[in-house]
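Biologist: Could we go through the terms used for this structure one by one, setting each value against its definition?

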Amino acid sequence: MPRWRNWSGKLASRPASLHFLRSEADAAALAASAASAGSRIRVAGATHSHAPLVINDDGVIADIGGLSGVIETDVGLGRAVVWAGSRIYSLGNALNQRGLAFANQGDIDQQAIVGATATGTHGTGVTLRNFSAQVLGLRLVLASGDVVDASAEENAELWQAARLHLGAFGIVTRLTLAVRSRYRLREQSWDSTLDEVLADCDKLVPDNRHFEFFWYPQDDRAVVKIINETEDEAEYPLAAEGSRCAWSHEVLPNHRPVAHTEMEYSVPAERGIACMREIRDLLRNRFPDVAWPVEYRTLAADDVWLSTAYERDTVTISVHLGMDEDDEPYFRACEEIFLAHDGRPHWGKVHYLDGGTLARIHPRWAEWWRVRDAWDPKDTFLNAYLTSLRP
């Protein structure tokens with residue numbers, strides 16, 4: 001029996017079959033065959049999720065990595081059509097050669113673009129939105145094997161729900177994404193303390209295109225980073241991190257090779273500093289041995305139904321632990337604080353919420369499920385985890 005693992009190795013599954021997709025025709029045939037046999041399908045991108053979204057014991061896991069690359073671009077309209085299995089890092093240079101770039105991307109660029117949009121993955125920037133908010137259209141293979149396109153002009157309600165889709169509507173084979181003209185960035189970083197950087201947030205957040213920090217609780221060291229657009233020429237070879245000037249796709253990501261597990265919550269922007277201080281107090285009083293950093297970023301409001309930034313400017317706070325550590329006591333304690341600050345969990349990271357709680361914190365939860373159920377009435381694209389969250 002095949003075995004599937006996520007990037008960190010913490011999550012594993014034993015599906016009945018593991019299928020490697022290489023074409024839309026193959027995806028359509030697989031969907032129809034599985035649905036006819038009563039099997040469920042989950043699609044794997046780059047396996048970077050810390051949530052059990054792909055686990056599908058005794059079902060089908062479809063690896064979409066073979067559907068990769070840029071299909072077409074339109075510089076005038078600022079859009080690019082890409083294959084859903086494309087790793088984010090593979091798209092950066094391809095778009096750059098066409099004079100284009102993503103408006104933003106995350107700290108890690110190893111994910112498949114379909115997984116990043118499926119879970120609302122994001123970078124940092126008070127004026128910048130997550131990847132799901134950049135989805136202008138998508139192509140979807142249904143359980144019947146039929147292929148449908150969705151956008152604001154065609155199957156608009158499906159598009160609205162499936163911009164952040166959790167892999168629950170069908171096999172997404174291609175995405176149309178908003179892009180912009182290519183640009184260069186300059187990164188600067190320095191060490192501070194948590195109190196100092198929080199006191200400076202009112203200036204650092206609005207005055208920079210990108211602002212974030214990692215706070216290391218053992219020595220109260222906050223590594224602060226700001227990044228801004230520049231007309232300066234790129235400077236090679238690139239530094240590993242801390243002081244770089246190059247094209248956007250070369251500056252925004254970092255190398256994060258150490259396997260870990262992670263929880264991230266998004267809280268209203270005006271509550272970010274207070275929430276961060278409570279996390280600090282939690283670490284000092286109850287978890288003084290935790291050495292992994294806490295990450296603090298910003299995110300602009302959007303209108304994506306299941307986005308953690310739906311209709312509100314946002315601060316995201318992430319906590320981490322190593323794979324040899326028991327994360328549940330620490331993460332559950334952090335989750336209590338996040339929820340007290342009206343937090344919403346990142347879909348690709350650890351949380352302990354049930355469907356009822358998610359319905360209370362996501363205003364469009366019931367609508368998302370209504371649209372999902374209409375397009376996948378036999379639940380071909382759900383797994384046990386997602387089924388457990390159903391209203």
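Biologist: What makes the approach of the side chain of serine 86 to the backbone oxygen of tryptophan 83 a polar contact?

Modeller: The side chain of serine 86 reaches that oxygen at 2.7 Å. A polar contact is a pair of N or O atoms within 3.5 Å; within protein, one must be able to donate a hydrogen and the other to accept it, and residues adjacent in sequence count only if both atoms are side-chain atoms. The value of 2.7 Å lies within the limit of 3.5 Å, therefore the distance condition is met. The model is predicted: local features need pLDDT of at least 70, side-chain atom pairs count only at pLDDT 80 or more, and totals for chains, interfaces and linings use all residues. Residues are numbered from 1 along each chain as its sequence is written, and side-chain values use heavy atoms, with hydrogens and water left out.

Biologist: Why is serine 86 called buried?

Modeller: Buried means under 20% relative accessible area, exposed over 50%, and partly exposed in between (1.4 Å probe, protein chains only). Serine 86 has 0%, so the term applies. Its place is the loop between strand 7 and helix 2, where helices (H or I, at least four residues) and strands (E, at least two) are DSSP runs numbered from the N terminus. Beyond its neighbours within four places in sequence, serine 86 is in contact (heavy atoms within 4.5 Å) with Leu67, Ser68, Gly69, Leu91, Gln111, Ala112 and Ile113.

Biologist: Which residues of helix 2 are buried, and what covers them?

Modeller: In helix 2 (residues 88–96), Ile88, Leu91, Gly92, Ala94, Leu95 and Asn96 are buried. Their cover includes strand 6 (70–74), strand 7 (79–83), strand 8 (100–101), helix 3 (113–119), strand 16 (243–247) and helix 6 (248–251).

Biologist: Why is strand 11 described as largely enclosed by the rest of the structure?

Modeller: The description rests on burial: 8 of the 8 residues of strand 11 are buried, so the rest of the structure largely encloses the strand. Leucine 177 lies in this strand (residues 171–178) and is buried at a relative accessible area of 1%. Leaving out residues up to four places away in sequence, leucine 177 touches Gly78, Arg79, Ala80, Val82, Phe102, Ile113, Thr117, Gln134, Val135 and Leu136.

Biologist: What makes strand 7 and strand 11 a pair?

Modeller: Two strands pair if DSSP finds at least two bridges between them. Strand 7 and strand 11 have 5 bridges, in the antiparallel sense, so the condition is satisfied. Valine 82 stands opposite leucine 175 there. Strand 9 (residues 135–141) also pairs with strand 11 in the antiparallel sense, over 6 bridges, with leucine 140 opposite valine 172.

Biologist: Why are strand 16 and strand 20 placed at the edges of their sheet?

Modeller: This open sheet of 8 strands has the order 16-13-15-14-18-19-17-20, with antiparallel pairing. Strand 16 and strand 20 (344–345) each have a single partner strand, so one side of each is left without a neighbour in the sheet. Helix 5 (residues 194–207) packs on the sheet, touching strand 13, strand 14 (210–216), strand 15 and strand 18 (294–299), and makes about 170° with the direction of strand 14. Such angles run from 0 to 180 degrees between N-to-C directions, with axes being lines fitted to C-alpha atoms, for helices over the stretch in contact. Inside the sheet, 9 bridges join strand 13 (residues 184–192) to strand 15 (residues 221–230), and tryptophan 190 stands opposite valine 224.

Biologist: What makes a space a cavity, and what a pocket?

Modeller: On a 1 Å grid over the protein atoms alone, a cavity is a set of points where a 1.4 Å probe fits but cannot get out, whereas a pocket is an open set with protein on both sides within 12 Å along at least five of seven lines; lining residues have an atom within 4 Å of a point. Grid points are joined across faces, edges and corners, and a volume is the space filled by probe spheres set on the points. There are 4 cavities of 30 Å³ or more, and the largest has about 70 Å³. Its lining includes Asn104, His210 and Arg297. The largest pocket holds about 910 Å³. Of its 48 lining residues, His48, His50, Ile108, Gln111 and Lys349 are the closest to its centre.

Biologist: Which element supplies the largest share of the lining of the largest pocket?

Modeller: Helix 3 does, with 5 residues.
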